[in-house]
Amino acid sequence: MTTAQSDGPESFDPANAEPDPLSRFARWWTQARGASPFADAMALATASPDGTPSVRMVLLRGFEAAGGFVFFTNYESAKAGDLRANPRAAVVFHWPELHRQVRASGAVERLSTPESEAYWAGRPRDHRLGAWVSPQSRVIADRAELERAMEQAREWFADEVPLPPFWGGYRLRPDSIEFWQGRDNRLHDRVRYTRSDTGWPIERLAP
């Protein structure tokens, strides 16, 4: 396994730090993808209407410097239900190969149908069929139920597999991003950016 090389010492001094957290994330993510096969994995935390938290691993399927973090799921899943009731979420990336972590939180919005279709078109055929047959988060009798549904789907969609009306993407637009850089002496570096009307004020946090 190779380790991505950084492009110079990171500045964690708020007076000198990179002013745009989204561009810093893009750079860190690129470096992580060169160092880890799991660089796209992120923990996604949501909360139910009564405030019950829930967290699960999902994959970052896109990042927009002007927008935020993009992921895809079944719109009838438990996480989607949380997001309908409380359209805010938090994500965490952990890249142990680089001794780095990134936390972000903010509002979540659904992608447009054309945006979801553009991603859907690039998915492997079996992934698309699986999205059609899995009643995500619901109780099922056994695995055989899914396998029977998959065989039926292969017959139904002999050619193209269209985007299901209940499946698509979300975009988390961060209003807070925290970067964590591990240090051998346990005095780790933490810098938090918080969105404001005029930019991204930066604060250094104790480890």
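## A salt bridge within helix α5

At 34% relative accessibility, Arg154 is partly exposed. Glu151 is also partly exposed, with a relative accessible area of 44%. In this predicted model, the side chains of Glu151 and Arg154 form a salt bridge, with an N to O distance of 2.7 Å. Both belong to helix α5 (residues 143-156), where a spacing of 3 residues puts about one helical turn between them. An α-helix has 3.6 residues a turn, so residues three or four places apart point the same way.

## Overall layout

The protein chain contains 5 helices and 9 strands. Read from the N terminus, the order of elements is α-β-β-β-β-α-β-β-α-α-α-β-β-β. The C-alpha trace spans about 60 × 40 × 30 Å along its principal axes.

Of the 207 residues in the protein chain, 43% are buried. For contacts between residues at least 6 apart in sequence, 63% join residues at least 24 apart. The chain exposes about 11400 Å², and carbon and sulfur atoms supply 53% of that area.

## Charges and other salt bridges

The protein chain carries 26 positive and 28 negative charges, and the mean positions of the two sets are 2 Å apart. Side chains of opposite charge can pair when their charged atoms come close. The count of salt bridges comes to 16.

One of these pairs is Arg171 with Glu64, at 2.6 Å from N to O. This pair links distant parts of the chain: Arg171 is in strand β7 (residues 167-181), while Glu64 is in the loop between β3 (62-63) and β4 (69-74), 107 residues away. Arg171 is buried, at 6% relative accessibility, whereas Glu64 is partly exposed at 28%.

Arg204 and Asp189 form a salt bridge at 2.3 Å, N to O. Arg204 lies in strand β9 (residues 202-205) and Asp189 in strand β8 (residues 189-194), so their pairing ties together parts that are 15 residues apart in sequence. Arg204 is partly exposed, with a relative accessible area of 45%; Asp189, at 9%, is buried. Elsewhere, salt bridges with shared partners join Glu64, Glu109, Glu115, Arg171 and Arg173 into one network.

## Nonpolar cores

In soluble globular proteins, nonpolar side chains tend to be buried together. Here the largest nonpolar core has 35 residues, and those with the most contacts inside it are Phe25, Leu60, Phe69, Phe93, Trp95, Val102 and Phe179. At least two residues of this core come from each of α1 (21-33), β1 (41-47), β4, α2 (78-85), β5 (88-95), β6 (100-110), β7 and β8. Helix α1 supplies the largest share, 5 residues.

Beyond its neighbours within four places in sequence, Phe179 is in contact with residues that include Phe12, Pro21, Phe25, Trp28, Val102, Val191 and Tyr193. Its contacts also include Asp189, the residue that pairs with Arg204 in a salt bridge. Apart from the largest core lies another, of 15 residues, among them Val70, Val133, Met150 and Ala153.

## Helix α4

The buried residues of helix α4 (residues 125-133) are Arg128, Leu129, Ala131 and Val133. They pack against α3 (113-120), α5 and β7. One of them, Val133, belongs to the core of 15 residues.

Conventions:
Residues are numbered from 1 along each chain as its sequence is written. This is a predicted model: local features need pLDDT of at least 70, side-chain atom pairs count only at pLDDT 80 or more; totals for chains, interfaces and linings use all residues. Side-chain values use heavy atoms; hydrogens and water are left out. Helices (H or I, at least four residues) and strands (E, at least two) are DSSP runs, numbered from the N terminus. Buried means under 20% relative accessible area, exposed over 50%, partly exposed in between (1.4 Å probe, protein chains only). Contact means heavy atoms within 4.5 Å. Accessible areas come from the Shrake-Rupley method with a 1.4 Å probe; for residues, only the protein chains shown count as cover. Lys and Arg count as positive and Asp and Glu as negative; His and the chain ends are not counted. The place of a charge is taken as NZ of Lys, CZ of Arg, CG of Asp or CD of Glu. A salt bridge is a side-chain nitrogen of Lys or Arg within 4 Å of a carboxyl oxygen of Asp or Glu. A nonpolar core is a set of buried Ala, Val, Leu, Ile, Met, Phe, Trp, Tyr and Cys residues joined through side-chain atoms within 4.5 Å.
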